[in-house]
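Reader: Hi! I have a structure open and would like to talk it through with you. Could you take a look with me?

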Amino acid sequence: IKKVFNIDIYDYPFDKKNGYTIIEKNNVQILIIKMECLSGLEKVIGEFINDDAYKLINTNKASDKMYYNVYREFKDSVKISKNYFEYYYDNNPKYGHFYTEEEISVYREYWCLKVEK
């Protein structure tokens, strides 16, 4: 976005509570959405694209796939490196731009259990 429109999204506040922000600059509008909030933002997206009939349709749910059990097992057993964990949770100032301290704490607690010993 920055290269194409010369808009740095980190220069604009992000509405962490609602999970989205609309940036308007130089006749450009950008809708930034926290993916965890996507399913609850159907109306916001519809208004942004000026389509009152807009509907979100989830057609790529892992639980509907034949490989779901393998995927679930992978998610349950995956391990991440300590460096990777620290990069996101200790040394990443951009993470706090989109997530509240409470959200970061919950994700940190979950992923902490996945760090390789």
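Reader: Let's jump right in: is aspartate 90 buried, partly exposed or exposed?
Author: Happy to help! One thing to say up front is that this is a predicted model. Aspartate 90 has a relative accessible area of 41%, so the residue is partly exposed.

Reader: And which residue does aspartate 90 form a salt bridge with?
Author: Its partner is arginine 108, and the closest N and O atoms are 2.9 Å apart. Aspartate 90 sits in the loop between H4 and H5 while arginine 108 belongs to helix H6, so the salt bridge ties together parts that are 18 residues apart in sequence. Arginine 108 is partly exposed as well, at 31% relative accessible area.

Reader: Nice. How many salt bridges does a search of the whole structure find?
Author: The search finds five. One of them pairs glutamate 103 with lysine 34, with 3.0 Å between the closest N and O atoms. Here glutamate 103 is in helix H6 and lysine 34 is in the loop between E2 and helix H2 (42-48), so parts that are 69 residues apart in sequence are tied together.

Reader: Is lysine 34 buried or exposed?
Author: Lysine 34 is buried, since its relative accessible area is 4%, under the 20% cut-off. Glutamate 103 comes out at 23%, which makes that residue partly exposed.

Reader: What about lysine 43 and glutamate 47, how far apart is that salt bridge, N to O?
Author: That one is 4.0 Å, N to O. The two residues are four apart in helix H2, so about one helical turn separates them. Both lysine 43 and glutamate 47 are exposed.

Reader: Switching to the rings now. How many aromatic pairs are there?
Author: The count comes to nine aromatic pairs. Phenylalanine 14 and phenylalanine 98 make up one of them, edge-to-face, with 5.0 Å centre to centre and 70° between the planes.

Reader: Where do phenylalanine 14 and phenylalanine 98 lie?
Author: Phenylalanine 14 is in the loop between helix H1 (2-5) and strand E1 (20-25), and phenylalanine 98 is in helix H5 (residues 95-98), so this pair ties together parts that are 84 residues apart in sequence. Both phenylalanines are buried.

Reader: And why is the pair of tyrosine 87 and tyrosine 88 edge-to-face?
Author: Their planes stand at 90°, with the ring centres 4.9 Å apart, so the pair is edge-to-face; the cut-off for that class is over 60 degrees. Tyrosine 87 is partly exposed at 47% relative accessible area, and tyrosine 88 is partly exposed too, at 31%.

Reader: Which residues do ring pairs link into a cluster?
Author: That cluster holds Phe85, Tyr89, Tyr95, Tyr99 and Tyr107. You will meet some of these names again in the largest pocket, whose lining includes Phe85, Tyr89, Tyr95 and Tyr107.

Reader: Oh good, a pocket! What volume does the largest pocket have?
Author: The volume is about 180 Å³. Besides the residues I just named, Ile80, Tyr84, Tyr88 and Trp111 line this pocket.

Reader: Which helices each supply at least two residues of that lining?
Author: Those are helix H4 (82-89) and helix H6 (101-112). H4 gives the most, with four residues.

Reader: How many nonpolar, polar and charged residues are in the lining of the largest pocket?
Author: There are eight nonpolar residues, with no polar and no charged ones.

Reader: While we're on H6, how far apart in space are cysteine 112 and tyrosine 89?
Author: Cysteine 112 is found in helix H6, and its C-alpha is 9.5 Å from that of tyrosine 89, with their positions 23 residues apart in sequence. Cysteine 112 is partly exposed, with 40% relative accessible area.

Reader: Last topic, the strands. How many bridges join E1 to strand E2?
Author: Six bridges join E1 to strand E2 (residues 28-33), and the two run antiparallel. Threonine 21, for example, stands opposite isoleucine 32 in E2.

Reader: And which residue takes a positive phi in the hairpin of E1 and E2?
Author: That is asparagine 26, with phi near 50°, in a hairpin that has two residues between the strands.

Reader: Great, thanks for the tour!
Author: You're welcome, enjoy exploring the model!

How values were computed: Residues are numbered from 1 along each chain as its sequence is written. This is a predicted model: local features need pLDDT of at least 70, side-chain atom pairs count only at pLDDT 80 or more; totals for chains, interfaces and linings use all residues. Side-chain values use heavy atoms; hydrogens and water are left out. Rings of Phe, Tyr and Trp (its six-membered ring) pair if their centres lie within 6.5 Å; planes under 30 degrees apart count as stacked, over 60 as edge-to-face and the rest as tilted. Buried means under 20% relative accessible area, exposed over 50%, partly exposed in between (1.4 Å probe, protein chains only). On a 1 Å grid over the protein atoms alone, a cavity is a set of points where a 1.4 Å probe fits but cannot get out, and a pocket is an open set with protein on both sides within 12 Å along at least five of seven lines; lining residues have an atom within 4 Å of a point. Grid points are joined across faces, edges and corners, and a volume is the space filled by probe spheres set on the points. Ala, Val, Leu, Ile, Met, Phe, Trp, Tyr, Cys and Pro count as nonpolar, Asp, Glu, Lys and Arg as charged, and the others, Gly among them, as polar. Two strands pair if DSSP finds at least two bridges between them. A salt bridge is a side-chain nitrogen of Lys or Arg within 4 Å of a carboxyl oxygen of Asp or Glu.
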